[in-house]
Amino acid sequence: MTDKISKSGLLLASALVLVFSLPALGQQGPESLLPEGFGDPPPPPLPQVGRPAPNAAKSPDGTTAAAPLTGDENATEEEGEEKPELVIRFDVPPSARKSLDDIGILSQASGGFPADSYGTLDGAFLSQILERTSGPIASRWATIMARRLLASRTNTPDGVKGADWTAERAWLLLRMGDSVVARNLVQQVDGAAYTKRLHEVAMQAYLANGDLAGMCPLTESGVRLVNNGRWKMTRAICASLAGEQGSAMAFINQGRYQGWVRGVDYFLAEKAVGAGINGRRSVKIEWENVEGMNPWRFGLSAAVGLEPPESLFADTGRQVDGWRVQLPMFTPTIRAQYAPGAAALGILSNRNMVDLYAQVLDDPDAPDAVRSRAESLGYAYTASGADAKVAAMTSLWTTAAAGADYQGSLVMTARAAALITPSDDHQAEADRLIASMLTAGLDRFAARWIDVVADGSLGWALVTLAAPGRVTAADYGSLDDFFENDGSTDGHKSRLLLAGLSGLGRIETDAGTDFAGDLKINIFRQTAWSKAIAAAAKRGEQGTVALMAMAALQAPSWSLVPANHLYYIVRSLRQVGLEAEARMIAAEAVTFA
């Protein structure tokens with residue numbers, strides 16, 4: 001009986017979230033990457049198979065684990081071999097060919113950045129920003145903003161090929177955990193226009209999605225341009241998917257004899273061939289002696305329905321949570337294991353989380369811990385009375401581990417928190433209710449709590465930072481009260497509050513000066529980076545400002561982000577018309593520092 005009530009409650013919550021369309025970010029759109037509908041599951045892929053990037057940037061958690069996730073340690077190169085001339089024929093008329101002048105999947109009219117977001121900046125400079133942004137990114141909201149920018153149909157900068165510019169954008173999306181948008185982006189370039197670099201990144205994107213068929217139209221050009229063992233092995237996989245089992249067997253045998261890939265990488269390819277149309281080979285995968293994870297292992301194991309041991313992911317970056325949660329071949333119960341990490345990355349929105357946990361309750365074999373979380377989430381939305389709803393949310397927050405799990409718990413309750421009418425009865429949980437709402441950009445609902453929260457509390461700070469429109473400027477007394485309650489190292493949370501308020505222009509001038517003196521900090525300290533982002537803001541370049549903001553937020557957590565970085569980020573975003581994003585980033589900084 002309890003299971004029935006819980007399941008119906010969460011299903012109702014899922015429907016409620018869709019119907020109860022709360023205004024986010026001051027009416028500027030929902031909290032996810034793009035307007036509603038973009039996050040829908042992609043259509044089934046058409047038959048197509050790939051190579052990791054050689055210039056592997058670090059993974060988004062800052063480790064060198066991107067090397068295992070991009071390395072080609074098992075491939076063999078045929079050095080010195082004469083390579084045949086690549087002859088490409090267009091299979092579409094000239095009028096139907098896609099332009100390389102402005103590549104993207106999101107127009108400005110549908111919520112993307114303007115086409116001229118980078119102004120007249122040189123492509124080499126912008127490419128360097130992308131390449132050097134290795135992560136991790138401390139800010140979820142900055143990541144959401146950057147993902148939207150990278151997916152937008154913007155002008156290709158001068159000095160860089162359109163295909164290569166697309167490759168760098170997609171590669172950064174992958175490092176941020178967004179495998180689906182990365183794949184959609186590389187698909188915007190016609191196969192005949194692919195460069196070597198785009199082939200390298202495209203293989204990464206398709207493998208991150210477990211989409212072996214997606215690589216097939218690129219196989220022959222990939223073999224010629226990249227000349228790597230994994231591209232050669234895709235010949236066998238694609239032949240099998242096309243039902244040409246004889247060719248598939250010939251290629252897989254050639255791959256074994258010539259050592260295109262070795263060890264478990266070969267056996268996974270053999271299993272993928274056996275899983276193709278008319279495939280009859282049965283291959284058992286042994287993981288015991290395998291060291292680490294790479295895109296080939298990730299993509300092929302997902303495609304054939306295998307879950308590698310979790311120990312193999314120990315040294316991979318946080319981006320893998322984003323990849324795994326978006327795999328359509330995984331059950332909702334499996335994907336729910338990675339949902340908090342993906343939500344903290346900005347890959348899953350509040351709506352995504354509610355929908356996913358609603359599906360978990362359909363699985364009778366779901367682990368108790370996952371089912372319990374799903375049931376609590378259902379009660380948070382549909383329990384009888386505000387007290388019961390708040391109690392359910394509190395249970396989710398207090399049982400979550402610190403870090404990504406806790407941030408994910410705030411995301412999943414965002415719209416449930418917005419259902420609570422501001423009241424002194426819930427003052428004890430006001431801070432977390434407000435923080436939860438702001439993970440979904442529900443700024444107007446958070447602002448209703450201004451008369452409930454105490455001056456100098458976290459809730460007061462968040463409302464003062466995040467509320468849309470005009471707010472009462474912070475005075476010294478409230479700031480001093482906040483500092484008295486600040487348990488962060490060296491008052492870092494207070495420093496970020498000062499930086500955010502100053503960047504938004506929401507602090508009394510004398511109060512800001514005096515508070516900075518108390519904190520012994522100069523938030524206006526300039527660096528080469530601060531001068532560059534300020535200059536971009538002055539030129540009105542939304543895209544440049546967004547990229548430079550994300551680059552400056554590379555840190556494992558907000559506790560390591562300098563206050564002067566936040567000041568210039570918030571001020572610059574506000575100056576180019578991205579005030580809503582500036583407010584959310586400032587509030588997030590104070591919440592999680």
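User: How does the span of helix H24 (residues 492-504) fit its number of residues?
Analyst: The 13 residues of helix H24, at 1.5 Å a residue, should span 18 Å. The end C-alpha atoms of H24 are 18 Å apart, so the two agree. Keep in mind that this is a predicted model.

User: Is H24 mostly covered or mostly open?
Analyst: Mostly covered. Twelve of the 13 residues in H24 are buried. Among them are His492, Lys493 and Ser494. The buried set also includes Leu496, Leu497, Leu498 and Leu501.

User: What covers them?
Analyst: The cover over the buried residues of H24 includes helix H22 (458-466), helix H23 (476-484) and H25. H28 and helix H29 (579-592) are also part of that cover.

User: And what comes just after H24?
Analyst: Gly505. Its phi is positive, at about 70 degrees.

User: Which residues have a positive phi although they are not glycine?
Analyst: Asn227 has one, at about 55 degrees. Lys520 has one too, also about 55 degrees.

User: Where are those two?
Analyst: Both are in loops. Asn227 is between H8 and H9, and Lys520 is between H25 and H26.

User: Are they buried or exposed?
Analyst: One of each. Asn227 has a relative accessible area of 10%, which is under the 20% limit, so it is buried. Lys520 is at 72%, over the 50% limit, so it counts as exposed.

User: Let's zoom out. What does the whole chain look like?
Analyst: Its secondary structure comes to 29 helices and two strands. The chain has 593 residues, and 58% of them are buried. The accessible surface comes to about 23500 Å². Carbon and sulfur atoms account for 50% of that surface.

User: How many disulfides does it hold?
Analyst: One. Cys216 and Cys238 form it, with their sulfur atoms 2.1 Å apart.

User: Where do those cysteines sit?
Analyst: In distant parts of the chain, 22 residues apart. Cys216 is in the loop between helix H7 (196-208) and helix H8 (219-226). Cys238 is in helix H9 (residues 229-241).

User: Which hand does the link have, left or right?
Analyst: Left. The angle about the S-S bond is -95 degrees.

User: Buried or exposed, those two cysteines?
Analyst: Cys216 is buried, and Cys238 is buried as well.

User: New topic: aromatics. How many pairs?
Analyst: The count is eight aromatic pairs. Take Phe298 and Trp323. Their ring centres are 5.4 Å apart and their planes are at 75 degrees, so this pair is edge-to-face.

User: Why does that pair tie separate parts together?
Analyst: Because Phe298 lies in helix H12 (residues 295-303) and Trp323 in helix H13 (residues 319-325), parts that are 25 residues apart in sequence. Phe298 and Trp323 are both buried.

User: Can you show me another pair?
Analyst: Try Phe524 and Tyr567. That pair is edge-to-face, at 5.0 Å centre to centre with 85 degrees between the planes. It links distant parts of the chain, 43 residues apart. Phe524 is in the loop between helix H25 (509-519) and helix H26 (528-538), while Tyr567 is in helix H28 (residues 563-575).

User: How buried or exposed are Phe524 and Tyr567?
Analyst: Phe524 is partly exposed, with a relative accessible area of 46%. Tyr567 is at 7% and counts as buried.

User: Which residues form a cluster with Phe298?
Analyst: Phe313 and Trp323. With Phe298 they form one aromatic cluster. Arg324 lies over the face of Phe313, 4.0 Å from the ring centre.

User: What sits over the ring of Tyr257?
Analyst: The charged end of Arg256, 4.7 Å from the ring centre.

User: Now helix H27 (residues 542-552). Why call it largely enclosed?
Analyst: Because ten of its eleven residues are buried. Those buried residues pack against helix H3 (123-132), H4, helix H5 (162-175), H26 and H28.

User: You mentioned H4. Which residue there should I look at?
Analyst: Try Arg140, in helix H4 (residues 140-151). Arg140 is buried, with a relative accessible area of 2%.

User: How far is Arg140 from Ala589?
Analyst: In sequence, they are 449 residues apart. In space, they are 9.7 Å apart, C-alpha to C-alpha.

Technical notes. Residues are numbered from 1 along each chain as its sequence is written. This is a predicted model: local features need pLDDT of at least 70, side-chain atom pairs count only at pLDDT 80 or more; totals for chains, interfaces and linings use all residues. Side-chain values use heavy atoms; hydrogens and water are left out. A disulfide is a pair of cysteine sulfur atoms within 2.5 Å. Helices (H or I, at least four residues) and strands (E, at least two) are DSSP runs, numbered from the N terminus. Buried means under 20% relative accessible area, exposed over 50%, partly exposed in between (1.4 Å probe, protein chains only). Accessible areas come from the Shrake-Rupley method with a 1.4 Å probe; for residues, only the protein chains shown count as cover. Rings of Phe, Tyr and Trp (its six-membered ring) pair if their centres lie within 6.5 Å; planes under 30 degrees apart count as stacked, over 60 as edge-to-face and the rest as tilted. A charge sits over a ring if NZ of Lys or CZ of Arg is within 6 Å of the ring centre and within 35 degrees of the ring normal. The expected span of a helix is 1.5 Å times one less than its number of residues. Contact means heavy atoms within 4.5 Å.
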